[in-house]
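Okay, thanks everyone, I'll keep this brief. Let me put the structure up and then walk you through it.

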Amino acid sequence: MTVTPIDLFGSFLHLDGDGRVRAERPVFDPGREGWQLMTFHVETDADVHGDHWEIHTAADEVVSCLTGGIRLYLRPERPEADEADEADEALADEIKLTAGTAVIVPRGRWHRIALDAPSDIMSVTLPRGSRLERRTGIEA
């Protein structure tokens with residue numbers, strides 16, 4: 001096997017259950033098995049689908065800010081509701097991440113990211129079962 005550098009901004013790393021790690025095209029597939037490590041350079045909230053809530057049902061997610069600054073919002077936990085409403089926006093917990101910090105988003109917790117500055121972000125999760133949901137009250 002040839003060992004070569006990997007462009008983390010041009011590839012996702014897939015960590016398979018059998019111990020293999022592979023660099024592949026950066027495509028997020030919610031049907032994929034195995035862990036996925038993703039690194040992004042982001043300039044605007046649109047780069048982090050800031051107009052959507054996101055959930056990962058198969059595993060926790062590590063979200064790390066490598067450079068810049070981001071805010072991670074956790075939607076309030078409401079077991080009886082599966083869809084966001086405008087009250088969720090006002091009650092969301094905000095966590096500020098600066099360069100070199102990370103947070104673990106619990107499995108099954110709706111969350112979203114907003115930028116304080118252009119940033120480099122790295123995340124690790126199991127993509128299987130992940131979903132996006134458009135935020136209410138957001139212009140199309």
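So, what volume does the largest pocket have? It comes out at about 390 Å³. Keep in mind as I go that this is a predicted model.

Let's stay with that pocket for a moment. Its lining takes in 22 residues, and the ones nearest the centre are F40, H49, E54, E61 and S123. If you ask which elements give two or more residues to the lining, you get strand 3, strand 4 (52–55), strand 5 (61–74), strand 8 (111–125) and strand 9 (131–134). Strand 8 has the largest share, with five residues. As for chemistry, the lining of the largest pocket splits into eleven nonpolar, six polar and five charged residues.

Okay, zooming out to the whole chain. We have nine strands and one helix here, and reading from the N terminus the order is β-β-β-β-β-α-β-β-β-β. Of the 140 residues in the protein, 40% are buried. Take the contacts with a separation of 6 or more: 75% of them are between residues 24 or more positions apart. On the outside, the protein exposes about 7,900 Å², and 55% of that is supplied by carbon and sulfur atoms.

Now, how do the strands go together? Look at strand 3, residues 35–42. Strand 1, residues 12–15, pairs with strand 3 in the antiparallel sense, over three bridges. L15 is a handy one to find on screen: its bridge partner in strand 3 is W35. Strand 3 also pairs with strand 8, again antiparallel, and there we get seven bridges. In that pairing M38 sits opposite S123 of strand 8, and S123 is one of the residues you just heard about nearest the pocket centre.

Last stop, V27. Where is it? V27 is in the loop between strand 2 (21–24) and strand 3. Is V27 buried, partly exposed or exposed? Its relative accessible area is 37%, so V27 counts as partly exposed, since that class runs between the 20% and 50% cut-offs. And which residues does V27 touch, leaving out those up to four places away in sequence? Those are F12 and Q36. With F12, the C-alpha atoms are separated by 7.4 Å, while along the chain V27 and F12 are 15 residues apart. F12 belongs to strand 1, and Q36 falls within strand 3.

That's my tour, happy to spin the model around for anyone.

Conventions: Residues numbered from 1 in each chain as written. Predicted model: local features only at pLDDT ≥ 70, side-chain atom pairs only at ≥ 80, totals over all residues. Heavy atoms only, no water. Helix = DSSP H or I, 4+ residues; strand = E, 2+ residues; numbered from the N terminus. Buried < 20%, exposed > 50% of the residue type's maximum accessible area, 1.4 Å probe, protein only. Contact = heavy atoms within 4.5 Å. 1 Å grid on protein atoms, 1.4 Å probe; cavity = no way out; pocket = protein on both sides within 12 Å on 5 of 7 lines; lining within 4 Å. Points joined across faces, edges and corners; volume = space filled by probe spheres on them. Nonpolar A, V, L, I, M, F, W, Y, C, P; charged D, E, K, R; others polar. Areas by Shrake-Rupley, 256 points an atom, 1.4 Å probe, with all protein chains shown as cover. Pairing = 2+ DSSP bridges.
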